[in-house]
There are 2 protein chains.
Amino acid sequence: MTATPRLHTQQDLRRANLAAVLYAVVDGGPASRARVADRIGLTRTAVSTLVDDLLAAGLLAEAGLGHSGSPGRPGTVLALSDQGPCGLGAAIGVDHLAVCAVDLRGRVRARAAVDAVNRRSRPEPVLERLAGLIDDVTGQLTEAGLRPAGLCVAVPGQVVRDGTRVVQAPNLGWRDVDLAGRLPSGGGPLKVDNEANLGALAELWIGDPVCRTGDVLHVSAEIGIGSAILTDGLLLRGNRGFAGELGHVPVRRRGHACGCGGRGCLEQYAGEEAVLRAIGLDPVRAVADHPGPGGRVGYLAGRAEAGDPDVLRALRGAGTDLGIALTAAANLLDPHVLVLGGALADLAPWLLPAVEAELGRRMGTAPPLVVSRLGADGPLLGAAHAVTRAVLDDPLRTAQPTG
Amino acid sequence: MTATPRLHTQQDLRRANLAAVLYAVVDGGPASRARVADRIGLTRTAVSTLVDDLLAAGLLAEAGLGHSGSPGRPGTVLALSDQGPCGLGAAIGVDHLAVCAVDLRGRVRARAAVDAVNRRSRPEPVLERLAGLIDDVTGQLTEAGLRPAGLCVAVPGQVVRDGTRVVQAPNLGWRDVDLAGRLPSGGGPLKVDNEANLGALAELWIGDPVCRTGDVLHVSAEIGIGSAILTDGLLLRGNRGFAGELGHVPVRRRGHACGCGGRGCLEQYAGEEAVLRAIGLDPVRAVADHPGPGGRVGYLAGRAEAGDPDVLRALRGAGTDLGIALTAAANLLDPHVLVLGGALADLAPWLLPAVEAELGRRMGTAPPLVVSRLGADGPLLGAAHAVTRAVLDDPLRTAQPTG
DNA sequence: CTAATTTGTAAATAGCCCTGACGAAATGCT
DNA sequence: AGCATTTCGTCAGGGCTATTTACAAATTAG
């Protein structure tokens, strides 16, 4: 439900073609003007003028002459600038805070992270600590002569569609938190998005190439189980921006009551707490016993690695229920691929067989199931890249001449 | 997973603006050039030249002067031509064949239909009879001085994404049937699509206005239970074009075996056959006993109307299971509205309460549930309108001067 | 060293929309 | 009725965008 942006004026055309040039370089790698022209179907002349603008804006850079061994004059290779604007990404996790900056080439140029106990914490101190990290990263950037073009924050919760307010983040205990103006976004715009969404976008942009060839359902779990649906390279956000709530897909007709008000939700059987309970641990105590990013997940992975039968059985059970929910999703969406991301990626060796078995049993030809390449880093990287992608989408809006 | 059409040239811009003018009239009703200019954000001058082209192409027509009572020279009202190209729509149902033609204004200008027993029938005789109906309708059109701009066929089964081949239509017993060249499409292109998809599009284009304001999940059932997902006014088709298979969402962990190979699929509990079995009827015999379009559904509706407790209980049960599957879908998609279409619309009075009860029990705030305004006619109308919409999307491609 | 090939740019051209201005046709006030 | 006001549609001129055509520069192949 996004209003399709109408193409009316010649400026819109110009903007679209500027973006097309940049994406030709993003998707196909550095290339000469002539090669870019072939890729996007414009003439060399047109590409030349577009490139002139992009060079002046500091988004592209000439990187010497390329010679391919074939006859003809070699072209001057165009690459994305590594001196241009950077994207600031931040992640608010239940037990950590992280910030990073990526340049237009997608390289991480600065980062900072701390362990933190954000569970059931008030927003103010969390945002204050996060602001400190952001200032830290911004400092590193300006030292290197780079400038931030905006900030995007990944949160484990529901976010309104326009991306300024957290509606609900149960595991942080936040409700209706407006972030506008409360974090130093480096002059650019500030956006908030769900970590599952950003993890999926990261996988699309810089992860497994299979995600670029069709619709994707990207599952990710921290404590809750979320997912994101990518269609045609775009997120399906739904009416309120809450699409992808895989954790509340019913997998038992009459099952445990869930915090959402329902019964038999997947989260009650495959969520982190459910797995901890299944091996006889008190979830609340486990959080205290195994803090830090990947604390409980690392603990579970360790015991699974050691062959602990209780943990293996619990993960098999979780995988089976996840398989049921994914059957529902795959029937509804017919995705090209299913991706396990977030904390699930670290437990994939023990979850995957059960998930695949259940999918195979229930669907004639189930979509392939792959493990995220980015894992727990996905949301953070996705947030940073969301900023740089916004620059690429509208190159001259945020650009400024090279110094 | 549709390649986004890139906007490169000024011709593309022109095409987009021609379409914008037409859609301004479609969505906002007949209006003067100046009014259209206001609606789409172009200048009166630009709109004038666009309208000139559209008048010459026979897509728009001037309909006299409009006077609103306000000062100023009255504008000449522009309306879609009712002499222009028409869309031919056809529907292949399990027990009927239907064809209709709609003009650009959306009015049905010709139609033909017959009862037929297509269940488990070979494609050849069915296509032959359908071709006869199409010729009949085309004849009516040419008598009225109209010309068909293409043909779209609705089938109860899975269709490849490019819309030329039926992969599988279980209730017809068809597998891998290529329709290209086997039906008289009146010179224009021939397309095939799933009836659930076309029913949903019909609802979007000419049905309940709530479908136009956000993402929609449109459920429709003939014998199988299908659905279509509309995002941003576009169908979500999925990787192979099989998205929307609501009928195979699991609603029982260990349930009846289903033809799809799975267990506990919704279709086994809420499909037409399941309901017939639940009231003690043999589905195969019931088909023979109650033929024709709406045969079994009409029979069930009649008994429900009369207060038959068995039927009411069976429909309540089906509604409950449908509610479970819709909970899954609503959590994944966060749709703006859920629509019950197809044959379900006729049983809505008895299904709806159970569906709503289950949704309400499982979701804090469930999306509103509405009944399709078009019902069983949806797919046929959607098919016809798919053709006219294609004309509106690229006005000068298929156009020809007024005679 | 020459021919062939490819690259990048320049000049001229065509298409599209915008600005500004104008006559035409209605309303509303005197 | 007469006049000012408002709105509509069109015309002329101009700016922007991409294309066509042409050409100099730089490389490979023989």
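**Note on the predicted model: DNA surfaces, core and one helix**

1. Start with the elements facing DNA strand D. In this predicted model, α1 (10-28) and α3 of chain A each supply at least two residues of the surface near that strand, and so do α2 (33-40) and α3 of chain B.

2. Residues around strand D. In total, 28 residues surround DNA strand D. The closest are R14(A), N17(A), Q10(B), S48(B) and T76(B). By class, this surface holds 8 nonpolar, 15 polar and 5 charged residues.

3. Backbone or bases on strand D? Of the strand D atoms within 4 Å of the protein, 62% belong to sugar or phosphate. The rest belong to bases.

4. Individual contacts to strand D. R14(A) places a polar side-chain atom 2.5 Å from a phosphate oxygen of DNA strand D. T76(B) uses a polar backbone atom, 2.7 Å from a phosphate oxygen of DNA strand D. T45(A) addresses a base: an N or O atom in its side chain is 3.3 Å from a base oxygen of DNA strand D.

5. Residues around strand C. Here 29 residues surround the strand. The closest are R73(A), T76(A), R14(B), N17(B) and R73(B). The surface near DNA strand C divides into 7 nonpolar, 16 polar and 6 charged residues. Of the strand C atoms within 4 Å of the protein, 60% belong to sugar or phosphate and the rest to bases.

6. Individual contacts to strand C. The side chain of T45(A) has an N or O atom 3.3 Å from a base nitrogen of DNA strand C. In S48(A), a side-chain N or O atom is 2.8 Å from a phosphate oxygen of DNA strand C. G72(B) has a polar backbone atom 3.4 Å from a base nitrogen of DNA strand C. The elements giving two or more residues to this surface are α2 (33-40) and α3 (44-56) of chain A, with α1 (10-28) and α3 (44-56) of chain B. The largest share, 4 residues, comes from α1(B).

7. Now the core. The largest nonpolar core has 92 residues. Those with the most contacts inside it are L246(A), L326(A), L246(B) and L326(B). Leaving out residues up to four places away in sequence, L246(A) touches several residues of chain A, including V219(A), I225(A), L266(A) and L326(A). L246(A) also touches L332(B).

8. A length check on helix α12 of chain A. This helix covers residues 378-393, 16 in number. At 1.5 Å a residue it should span 22 Å, and its end C-alpha atoms are 21 Å apart, so the two values agree. α12(A) is mostly covered, with 13 of its 16 residues buried.

Conventions. Residues are numbered from 1 along each chain as its sequence is written. Chains are lettered from A and ligands numbered from 1 in the order in which they are written. This is a predicted model: local features need pLDDT of at least 70, side-chain atom pairs count only at pLDDT 80 or more; totals for chains, interfaces and linings use all residues. Side-chain values use heavy atoms; hydrogens and water are left out. A nonpolar core is a set of buried Ala, Val, Leu, Ile, Met, Phe, Trp, Tyr and Cys residues joined through side-chain atoms within 4.5 Å. Buried means under 20% relative accessible area, exposed over 50%, partly exposed in between (1.4 Å probe, protein chains only). Contact means heavy atoms within 4.5 Å. The expected span of a helix is 1.5 Å times one less than its number of residues. A residue is near a molecule or strand if one of its heavy atoms lies within 4 Å of it. A polar contact is a pair of N or O atoms within 3.5 Å; within protein, one must be able to donate a hydrogen and the other to accept it, and residues adjacent in sequence count only if both atoms are side-chain atoms. Ala, Val, Leu, Ile, Met, Phe, Trp, Tyr, Cys and Pro count as nonpolar, Asp, Glu, Lys and Arg as charged, and the others, Gly among them, as polar.
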